[in-house]
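Student: Could you take me through the aromatic rings in this one? I'd like a close look at how they pair up and where they sit.

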Amino acid sequence: MSTLLLKRVLREPLVHFLALALLIFAGYGLFGANADSKPDSIVVVAPKIEQMATLFAKTWQRPPTADELKGLIDDYVKEEILVRQALVLGLDEGDAVVRRRLRQKMEFLNAADAEALTATDAELGAYLKANPATFEIDPMLAFQQIFLNPQRHGEAIEQNAATILDLLLSQPATDPASLGDASMLPPELALTSKSLIGQTFGADFAEAIDQITPGQWTGPIASGFGPHLVRVSERKPGRLPALSEVRDAVTREWTNAKRKELENQRFAELLKGYVVNIESLTNAETNP
């Protein structure tokens, strides 16, 4: 190549641009590798902690406990790590509320992986047995009740309840509807789940009548409205259903559990690449 042609090429802007790009790339190769060999640093500064505590106090009308404040800090660290990782993956393009959206996208990746998993019958069966309270079928109860209004009976309410109960036991043919006080409560319920009974009469009332042997009047049993005389006519005990009865619900909960497990595992791996420093508010106040 002639000297004149070489000088002409060197004057071209494109050549200058390419040369600069190569220098930047080479510099990144030299210095970026060293930077990547050390974990990134996250510093949770005292003003940030104070800001989180203040926001919590405004929301809940009380300052956070130590555990709650730790939870806020841990969540902030998690958000910071997920945001940085999302930026590395280039998930920030085209979003207005970048930080929040990036965290959501990272979490969506975990959710998508969990959704792709297929549980075997053995896995679902094991999950069902390990979490009986989530899937247990409620006891069912059918009963009659006689309500005594505390405002009407006053201090004599216990004696009046005992008198009515004696009448019911000694004269079984007595019509219960002719006794007690009128109310909006149903005098008789067909088989109803214990939880629904609790919603109407109160959880303590539902728990108490679940202990009654069917067939005989008993009481008084207190509800949120007052005392009742109760006769349980039928009871079906609660039970753990077969997998075939609740397959969809078990699959959904199993998938949710796997998603959480994957999220925790991946976050634990990401956390290894960071050094997290959390400033003490006390130190910050004494050393402004």
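Tutor: Let's start with a yardstick: a residue is buried under 20% relative accessible area, exposed over 50% and partly exposed in between, using a 1.4 Å probe and protein chains only. Keep in mind that this is a predicted model, where local features need pLDDT of at least 70, side-chain atom pairs count only at pLDDT 80 or more, and totals for chains, interfaces and linings use all residues. Residues are numbered from 1 along each chain as its sequence is written, and side-chain values use heavy atoms, leaving out hydrogens and water.

Now the rings. Those of Phe, Tyr and Trp (its six-membered ring) pair if their centres lie within 6.5 Å; planes under 30 degrees apart are stacked, over 60 edge-to-face, and the rest tilted. Searching the whole structure turns up 5 aromatic pairs. One of them is Phe56 with Trp60, a tilted pair at 6.3 Å centre to centre with 40° between the planes. The two sit 4 residues apart in helix α3 (residues 46-60), so about one helical turn separates them; helices here are DSSP runs (H or I, at least four residues), numbered from the N terminus. Phe56 is buried at 12% relative accessible area, while Trp60 is exposed at 57%.

Next come Tyr127 and Phe135: their planes are at 70° and their centres 6.3 Å apart, so this pair is edge-to-face. Both of these residues are buried. Then there's a cluster, with ring pairs linking Phe143, Phe201 and Phe205.

Finally, Lys78 lies over the face of Phe267, 5.7 Å from the ring centre; that label needs NZ of Lys or CZ of Arg within 6 Å of the ring centre and within 35 degrees of the ring normal.
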